[in-house]
Amino acid sequence: MLGITNRRQFLLQAPLAAAALLPGAKVFAAPALDANSVRRLASNVSGRVITPQMPDYESSRQVFNRAFERYPALIVRCVVASDVARSLAFAQSNNLQVAVRGGGHSRLGYGVCDGGIVIDLSAMKRVEVDAGKRTARAEAGALVRDLDEATQRFGLATTSGGCPTVGIAGLTLGGGEGRLMDKYGAACDNLLSAQVITVDGRQVEASADSNGELFWAIRGGGGNFGVVTALEYQLHPVTDVLSGSLIYPTGRIPELLEAFARFLAAAPDEMDALAQVLPSDSGRRLRMDLCYCGNLQTGRDLVRPLRALGPENDTLRVVSYLEAQAAGGFLQAPVAHFQTNLFLRELGGAETAAIATAVNGAPASCKLVIVPLRGAISRVRVDATAFALRQPGYEVDVAGVWSTPAEKAQVVRWVRDTRDRLWPFAHGVYVNQLGDTSEKLVKLAYGPNYARLVEIKRKYDPRNVLRLNQNIPVA
Ligand SMILES: Cc1cc2nc3c(=O)[nH]c(=O)nc-3n(C[C@H](O)[C@H](O)[C@H](O)COP(=O)(O)OP(=O)(O)OC[C@H]3O[C@@H](n4cnc5c(N)ncnc54)[C@H](O)[C@@H]3O)c2cc1C
């Protein structure tokens with residue numbers, strides 16, 4: 001570890017400074033920074049450079065998953081693309097780890113790092129809609145709700161996440177699942193182009209006509225290849241939807257899950273649905289969340305078989321798409337949590353029995369969410385984009401939250417045990433919903449696309465500057 005050698009360096013030894021400011025904070029190795037070079041960076045960017053001594057450092061370093069308390073040396077709150085290029089250059093010349101942050105919802109807290117630099121895009125939120133062309137151009141710090149609100153002014157929308165505060169860049173770069181994916185594909189399937197700052201500071205466009213390999217890679221391959229500053233999406237007409245949930249009495253998990261699978265097998269693409277196995281005082285219960293974006297009477301007719309199964313709570317009604325989206329976040333506020341996922345081809349007897357067994361005795365703060373992948377998202381060829389979850393099936397998200405170390409231990413154990421129990425049925429994982437990582441998981445996520453991603457990584461980021469992510473290593 002480099003010591004504190006003079007006052008200027010002391011002021012910029014973020015980890016030590018942070019440890020001094022925050023009782024119990026971790027002390028760790030980090031390169032000392034020269035104060036003059038930081039001042040130069042601050043005067044060269046249009047945005048702000050936030051250091052540990054500043055009053056908003058504490059709130060600025062925090063990310064959604066409070067399991068990750070990390071102390072960066074610098075946070076650069078970018079406002080233009082050139083700020084990103086300058087931050088990347090600064091990081092490389094000072095040998096700093098780079099964290100890239102949009103909405104800050106990474107399950108692994110990748111939007112912040114210890115002792116490095118955070119390239120924070122959260123102030124770049126502008127969304128412009130071309131209603132005539134049905135396209136939207138969004139800056140990379142826009143959240144799901146920013147994109148939805150801007151596009152809904154014109155009765156348009158594109159697939160965005162189910163949680164309003166997720167960042168659209170992180171969402172789209174990893175694939176992007178949401179209420180419109182059965183009808184219109186993943187968020188990445190609706191990406192028309194992106195502006196990317198490469199690690200050597202170039203600003204390039206990635207689209208079907210320009211840097212095609214990069215365009216292929218950023219549609220699912222995550223933040224491995226460059227820092228995206230803007231994204232252009234295809235939009236679709238979406239107005240009112242039939243949306244809400246059906247909550248069934250406790251027990252009956254296998255029977256209800258099999259009915260859910262049968263319902264979806266016959267449902268049109270306009271029907272989006274997911275199932276949650278939730279805790280309650282009297283045991284585990286199943287909740288189905290539905291959103292139908294077609295003819296509303298047809299939607300009502302379609303959900304009759306699910307209503308006939310006897311939900312004790314039924315909130316399905318016609319709402320605006322924005323209301324449906326606003327109701328959707330599973331975690332409403334930042335909280336320490338651990339979530340992981342796996343992908344099942346089927347929801348048959350063996351799988352539903354394993355799920356029912358797994359949820360027995362689960363801690364009260366844990367749940368399991370089953371997200372069907374079907375319709376348009378599953379009709380895209382597996383090699384058309386880096387996002388490889390194209391076979392029809394079910395993503396199972398296993399998650400829990402905690403507020404004390406004892407709860408954490410219980411939650412983490414249950415999430416891991418549940419994943420192990422379901423693993424024999426698994427055929428893939430979704431990088432955006434992984435609360436852990438390994439080479440094996442990343443390879444599994446990309447399947448046949450992995451080797452091509454490694455080649456593109458080698459071209460665009462040969463020194464693996466952008467490695468705080470579900471990393472594609474440079475072979
Ligand atoms: C409560 C909650 C709900 C969620 N719901 C959904 C959902 O409905 N559907 C779904 O598909 N996923 C969902 N996710 C997962 C989510 O898609 C990922 O966590 C995603 O990475 C979050 O993006 P972010 O910008 O908010 O996060 P950040 O932490 O800011 O970014 C995550 C990572 O994405 C990369 N990244 C972000 N911005 C850029 C950029 N501009 N350029 C290059 N790389 C970048 C970086 O590697 C970064 O570390 C949810 C997550 C949470 C916590």
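Here a trainee and a mentor talk through a predicted model of one chain.

Trainee: What makes the chain as compact as a globular protein of its length?

Mentor: Start with the make-up: the chain holds 17 helices and 20 strands. Its radius of gyration is 22 Å, and the globule rule gives 23 Å for 475 residues; those values are close, so the chain is as compact as a globular protein of that length. If you'd like a box around it, the C-alpha atoms fill roughly 75 × 55 × 40 Å along the principal axes.

Trainee: How much of the chain is buried?

Mentor: Buried residues make up 52% of the 475. And of the contacts with a separation of 6 or more, 71% join residues 24 or more positions apart.

Trainee: Why is glycine 435 called buried?

Mentor: Count neighbours. The cut-off is 20 or more other C-beta atoms within 10 Å. Glycine 435 has 21 inside 10 Å, so it counts as buried.

Trainee: Where does glycine 435 sit, and what does it touch?

Mentor: You'll find glycine 435 in the loop between β20 (426-428) and α16 (439-446). Leaving out residues up to four places away in sequence, it touches Arg107, Leu108, Phe338, Gln339 and Thr340. Alanine 399 is 36 residues away along the chain, with 9.0 Å between its C-alpha atom and that of glycine 435.

Trainee: How do you know that alanine 157 is buried or exposed?

Mentor: Same test, with 20 as the number to reach. Alanine 157, which is in strand β7, has 28 C-beta neighbours inside 10 Å and therefore counts as buried. Among the residues it touches are Asp148, Thr151 and Gln152, along with Leu235, His236 and Tyr321. Between the C-alpha atoms of alanine 157 and glutamine 325 there are 11 Å, though 168 residues separate the two along the chain.

Trainee: What makes helix α6 mostly covered?

Mentor: Look at residues 144-152: 7 of the 9 are buried. They are Val144, Arg145, Asp146, Leu147, Asp148, Ala150 and Thr151. These buried residues pack against several elements, including β5 (127-130), β6 (135-139), β7 (156-157) and α13 (321-326).

Trainee: How do you know that the span of helix α5 agrees with its number of residues?

Mentor: Helix α5 covers residues 81-93, which is 13 residues. At 1.5 Å a residue it should span 18 Å, and the end C-alpha atoms are 19 Å apart, so the two agree. Its buried residues include Ala81, Val84, Leu88, Phe90 and Ala91. Just after α5, asparagine 95 takes a positive phi of about 55°.

Trainee: What is in the largest nonpolar core?

Mentor: That core has 145 residues, and those with the most contacts inside it are Val98, Ile117, Ile119 and Leu231. Take valine 98: apart from neighbours within four places in sequence, it is in contact with Leu88, Ala91, Gly116, Ile117, Ile119, Val465, Leu466 and Leu468. In soluble globular proteins, nonpolar side chains tend to be buried together.

Trainee: Which domains is the chain divided into?

Mentor: Domain 1 is 7-120, domain 2 is 127-237 + 449-460, and domain 3 is 240-444. The C-alpha centres of domains 1 and 3 lie 36 Å apart. Their contact takes 6 residues from domain 1 and 10 residues from domain 3. On the domain 1 side, the residues divide into 3 nonpolar, 1 polar and 2 charged.

Technical notes: Residues are numbered from 1 along each chain as its sequence is written. This is a predicted model: local features need pLDDT of at least 70, side-chain atom pairs count only at pLDDT 80 or more; totals for chains, interfaces and linings use all residues. Domain bounds come from an automatic or database domain assignment. Two residues are in contact if their C-beta atoms, placed from the backbone, lie within 7 Å. Ala, Val, Leu, Ile, Met, Phe, Trp, Tyr, Cys and Pro count as nonpolar, Asp, Glu, Lys and Arg as charged, and the others, Gly among them, as polar. A nonpolar core is a set of buried Ala, Val, Leu, Ile, Met, Phe, Trp, Tyr and Cys residues joined through C-beta atoms within 7 Å. A residue is buried if 20 or more other C-beta atoms lie within 10 Å of its own, exposed if 12 or fewer, and partly exposed in between; C-beta atoms are placed from the backbone. Helices (H or I, at least four residues) and strands (E, at least two) are DSSP runs, numbered from the N terminus. The radius of gyration is taken over C-alpha atoms; the globule rule is 2.2 Å times the number of residues to the power 0.38. The expected span of a helix is 1.5 Å times one less than its number of residues.
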